[in-house]
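Here is a friendly tour of a two-chain model, written to be read with the viewer open. Feel free to rotate along as we go.

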Amino acid sequence: MRLEKRQHSSPWALVLAPIGAVAFTLLVSALLVRWAGAPVGQTYALLLQGAYGSVFALSETLTRAIPLMLTGLAATVAFKARLFNIGAEGQLYVGALAAVAVGGMHDGTGLPLPPMLLFVLMMLSAALAGALLLLGPALMKARLGVDEVVTTLLLNFIVLLLVSLMLDGPMKDPTAMGWPQSVALMGELELTKLIPQTRVHTGLLLALSLAVALWALMKFTVLGFDIRALGANPRAAAFSGVPVTRTMVAVALLSGALAGLAGAIEVAGRTSYLTLDMSPGYGYSGIVIAMLAALHPLAVVVASVFVAGMLVGADSMSRAVGVPTFIADVIVAASLISVLVATLLTQYRVRWK
Amino acid sequence: MTDRVLSLSNISKRFGNLVANDAITLDLQAGEILALLGENGAGKSTLVSILFGHYTADAGSITVFGKPLAAGDPKAALAAGIGMVHQHFTLADNLSVLDNVMMGSESLWQVHTRRAAARDKLAQVAQRFGLTVDADALVAKLSVGERQRVEILKALYRGVRILILDEPTAVLTPQESESLFAVLAHMVAQGLSIIFISHKLAEVLRVSDRVAVLRAGKLVAQADARNTTQAQLAQWMVGHEVSPPQRRPSQRTGQAVCVLHQVSTAPARERLNGVSLTLHSGEIVAIAGISGNGQAALAEVLCGTRRIAAGRVELMGQPLPHAPSQLVALGVARIPEDRHDVGLVGDLPVWENAVSERLRSPVFSRAFWVKRRAAQAYAKAVIARFDVRGGGPATPARSLSGGNMQKLVLGRALMHPASLVDTETHAFTPKLIVAHQPTWGLDIGAVAYVQAQLIAARDAGAAVLLISDDLDEVLTLGDRVAVMHGGHLGQAKPALDWSRESIGLAMAGAQDVAHAT
C-alpha cells in the first residue's frame, strides 16, 4: 500500500471525507458500546441528550467549552505559525495564578482598586503571565533552534509544581481546612451568569469575541499574513520581508495570552479559587480542538462545543446505561484521527499493489 | 545491435486530469545511449519513475532482458539491473567513498562488513570503466564531478546493466561534462545501456546514439542522433519552430547603480570572500560558476536575506538596507533561485503572493490592515500583464506550473504598483534586478519570455545581475560576464572576450588566484 499525491482534489473526495470521518467515529464507538453490553442507539441518544438535549445540558456543555475554546485558539494561532505550543496547560495555570494573585482576597482584603479596574488588571496580568511563559521557548526556538515541543511540554510540569508550592504556601486559603486551594477571588470580580440557575457565565461572550478577533487578525491584517506565511514556508516568508523573530514573538505572546486568559476566566467564571485539579487537561484538549478545527479560529468554537458536549454527555449517559465515561475520550480521539485521515485522503490517494 | 534490453510498451499514467505519460512505447538496445529529451513537465521524470518503480503505471508493461518487471517496486528494478543517478546526489557526506558504495548492498544480518572484498570489487569496477576515485576519500571533500562519479560507481558496483542519468550535466563544468561523456562512451563499449535525460539539445546530439522526444506526455519522435539537427529536435520538443535566443547587447550603459566593495560573508555552506563588483544602469552582468561557489550568497546579500561580515554594499550611493521590504521600496527587483521554496508561499493564494514583498508599503496596508481590494487589483494586473495561467488571484500558488510561478515572481518584481495608474513612463522600472537562475527548469517558451523581460527592463534602464548555471544563457544575455569560484568573483569582462573554454577553466578555479588581488 502506498500514498500518491493527488494533483487535484476531486469534489467528491471533499464531500465524502467529512461524512466518512463521522461514520468511522460512530462505528468505532459503537463497537465499544456493544462491548460494554449497552444498546448502541439508546447510548448515542442519551449521549446527545446529555450534551445538548436541555437548557441545563447545553449550559453545562457551554461552561465546559469556554476554557476549551480559549486553549483551542491558543493552539490555533501558534500552530498556524508552526510554533508547536504544547504548554497551554501550564500557561492556563500561570494565568489562573496571576488572576488570583491580583484579584484574590488576601488576608481578607483585596487590592484597594475599583472592581472594574481590578477586573481589567486581573485579566491583563493573567494574559501577560501566560504570554511570558511562552516567550522563553519561542525565543529559544527562533534564536537557538531549541525544539519548542520539548521546552513547552516540560514547562507544564514546572508550572504545576509552582502552583502546588503557592497553594501550600503564600497563596493558601487559611479557611480551607488544610486543602491545597488558593484564596478566593473577590466577589465583585466574578463573572456573572448568562442563564440564571446554571453555571454558564459571560466568559463565553469573551471567548466568542476573541475567536472572531483572532479570525479577523489572521484574515485581514499584515500580522495575520506574516503568521500564515511563516507557518507555511519560513524561507519564502523571510524572503518576502516577514520579520521572522518578531512574528514568532508576537505569536508566542498571543498564544500564551489566550491560554493564560483561559485560566483567569475559569477562575473568575466557575471556581472562584485555584486548585491543582482545576483543569482536566484543557491545555492538551486545546490541541485536539485546534486540529479538529483545521486551525480555523471560528471552527474552534464549533469543535470545542463538540468536544465539551461529548465529555458532558458521556457523564450523564454513563449514569443511565453504565457505559464508562471514557467513551467520550474515545469519541474525541477517534474523531480527531478520522478527521486527520480524511484530510489526508483528500490530498493523497491510496494505491494498493 | 538488435539486442533489446528494455522495452516499455504502452505506458500510460495520469494524475487527475493531467496525462503525464500517454501510451509510450520505447525500446532500449544493448550498448546504446538513448537520450530522453523533453521540456519540464513533458513526462520524462514520470516515465523514469515508473521504470524505477516509484510510480505504478495505469496501463502498459515493462520488459527487462526478456522478463516482465514487477510494477511499483524499486527493489525489483534494482534486481533486474536498472540503476539510476539522480540529479541531486544521494550520498552521505560524512562517509568515505567506499562506505557510500557499500551502503545498502550488504545484509543486515552479517556480523561484520566485508570491506576488503568490497574494496577489491570497487577497484575492479573502477578500472573496468575508467572511473578513478580514491576509495578512502571523504565524500564531503570531493568536487561535484567526483561525487557524480561515485554515484555512477555505486550503480556499477551493484552490477547494473541499464543506467539512467537524470540531467547529469546540470552541475558540471564544460570540461567535467566532456570527461563524463568519455566515461559514458567507455561504459556502452562494455555493453551497458544508458538512458540520458536532458533538455539541452547540443549535448544530447553530442553524447547519444538515439534520441526519443517527449512532449506533453506523448512520445512525439525518435531519431538517430546522427541524422537529426538541433533545430529539428527543438521543433519536436516544443511543437512549433523556435528561433534560438539572439544576443542583443546593451545600447547604452549608465551610471553605477550598485557597488560591492570587498564584500565577505560569515563562513557557511557558501560564502563570499572579498567580492567587488559594480553594476551599471542599462547593462546585464552575468555571473557564471558551478552552483555552490558563492552565487547563492551573492544573491542573498543583494536580496536582503543574508548579512555581510566585511566590506560594503551601496545602492544608489547609499548603504544597502537590510530588510527585504526596504530593498523592494528602493527599487530592487528580486528573482530567487527557488521559486517553490523561496519565491512563493505555495499554500497562500496568488494574490497574497503577488503583494507579499510590498505588503508593508502604504499602497497595500494601512495601520496593520491589508488593503485587500488594492492588493487583489494589483494581483489581477500582474496576472494579466505577465500572462500567468492556471488560476486566478484566489488559487493557491502551489497549483501553478513552474513557468507560471516564475511569471508571477517576475511580474511582482518588475511591476511597480504605481505603474497600474501610469503605464507610460519608465519611472517605475526597477533600479536593480537580481535574477538568480531565472530560467531554471522552465520550458523553452517561458525561458524566452523571462529573458525578453530581463532585456526589456535593462533597455528601460535597470541594472541587471544575472546569476546562472547555464553557460548559453550567461553568454547570450550578459553584457559583461564574471565567474565565481570558491567565494571569489573574477573580473567582469565583456561577454565577447570569453570563450566556452576560458569560462570552463575559470569555473574550475584556474583563474581566481589571478583575480583575487
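## Domains of chain B

In this predicted model, the C-alpha centres of domain 1 of chain B and domain 2 of chain B lie 33 Å apart. The domain assignment of chain B lists domain 1 (4–238), domain 2 (245–331 + 430–517) and domain 3 (341–429). Where do domain 1 and domain 2 of chain B meet, in terms of residue counts? Twelve residues of domain 1 of chain B are in contact with 13 residues of domain 2 of chain B. On the domain 1 side, helix 6 (174–189) and helix 8 (230–238) of chain B each supply at least two residues. Helix 8 of chain B gives the most to that side, with three residues. By class, the side of domain 1 of chain B that touches domain 2 of chain B divides into seven nonpolar, four polar and one charged.

## Where the chains touch

Moving from domains to chains, 21 residues of chain A are in contact with 29 residues of chain B. Helix 8 (222–232) and helix 9 (234–239) of chain A each supply at least two residues to the chain A side of this contact. The largest share of that side, six residues, comes from helix 8 of chain A. The side of chain A that touches chain B has ten nonpolar, six polar and five charged residues.

## The nonpolar core and helix 11 of chain A

In soluble globular proteins, nonpolar side chains tend to be buried together. Here the largest nonpolar core has 259 residues, and those with the most contacts inside it are A:Leu70, A:Val100, A:Leu258 and B:Leu465. Helix 10 (residues 244–271) of chain A brings the largest share of this core, 13 residues. Which residues does A:Leu258 touch, leaving aside those up to four places away in sequence? The partners are A:Leu70, A:Leu73, A:Ala74, A:Val77 and A:Leu210.

Helix 11 (residues 282–292) of chain A is mostly covered, with nine of its eleven residues buried. The buried residues include A:Tyr282, A:Gly283, A:Ile287 and A:Leu292. The buried residues of helix 11 of chain A pack against helix 3, helix 4, helix 10, helix 12 (297–321) and helix 13 (326–347) of chain A.

## Strands of chain B

Chain B has an open sheet of four strands in the order 12-11-14-15, with antiparallel pairing. Strand 12 (275–280) and strand 15 (318–319) of chain B stand at the edges, each with a single partner strand, so one side of each is left without a neighbour in the sheet. Strand 15 of chain B pairs with strand 14 (residues 310–315) of chain B in the antiparallel sense over two bridges, and B:Pro319 is the bridge partner of B:Glu314.

Elsewhere in chain B, six bridges join strand 9 (residues 210–215) to strand 10 (residues 218–224), which run antiparallel. In strand 10 of chain B, B:Leu219 is the bridge partner of B:Leu214. Strand 9 and strand 10 of chain B form a hairpin with two residues between them.

## Positive phi angles

Most residues other than glycine have a negative phi, and most peptide bonds are trans. The residues below have a positive phi instead.

| Residue | Phi | Place |
|---|---|---|
| A:Arg82 | near 60° | loop between helix 3 (55–80) and helix 4 (88–103) of chain A |
| A:Ala294 | near 50° | follows helix 11 of chain A |
| B:Ala216 | about 50° | turn of the hairpin of strand 9 and strand 10 of chain B |
| B:Asp387 | near 55° | loop between helix 13 (372–385) and helix 14 (402–414) of chain B |

How many other C-beta atoms lie within 10 Å of A:Arg82? There are 16, so A:Arg82 is partly exposed. B:Asp387 also counts as partly exposed, because it has 13 C-beta neighbours inside 10 Å.

## Confidence in chain A

Chain A averages a pLDDT of 91, and 98% of the residues score at least 70. Among the elements of chain A, strand 1 (residues 2–5) has the lowest mean pLDDT, 72, and helix 7 (residues 203–220) has the highest, 97.

Definitions and conventions. Residues are numbered from 1 along each chain as its sequence is written. Chains are lettered from A and ligands numbered from 1 in the order in which they are written. This is a predicted model: local features need pLDDT of at least 70, side-chain atom pairs count only at pLDDT 80 or more; totals for chains, interfaces and linings use all residues. A residue is buried if 20 or more other C-beta atoms lie within 10 Å of its own, exposed if 12 or fewer, and partly exposed in between; C-beta atoms are placed from the backbone. Two strands pair if DSSP finds at least two bridges between them. A nonpolar core is a set of buried Ala, Val, Leu, Ile, Met, Phe, Trp, Tyr and Cys residues joined through C-beta atoms within 7 Å. Two residues are in contact if their C-beta atoms, placed from the backbone, lie within 7 Å. Ala, Val, Leu, Ile, Met, Phe, Trp, Tyr, Cys and Pro count as nonpolar, Asp, Glu, Lys and Arg as charged, and the others, Gly among them, as polar. Domain bounds come from an automatic or database domain assignment. pLDDT is the predictor's confidence in each residue, from 0 to 100.
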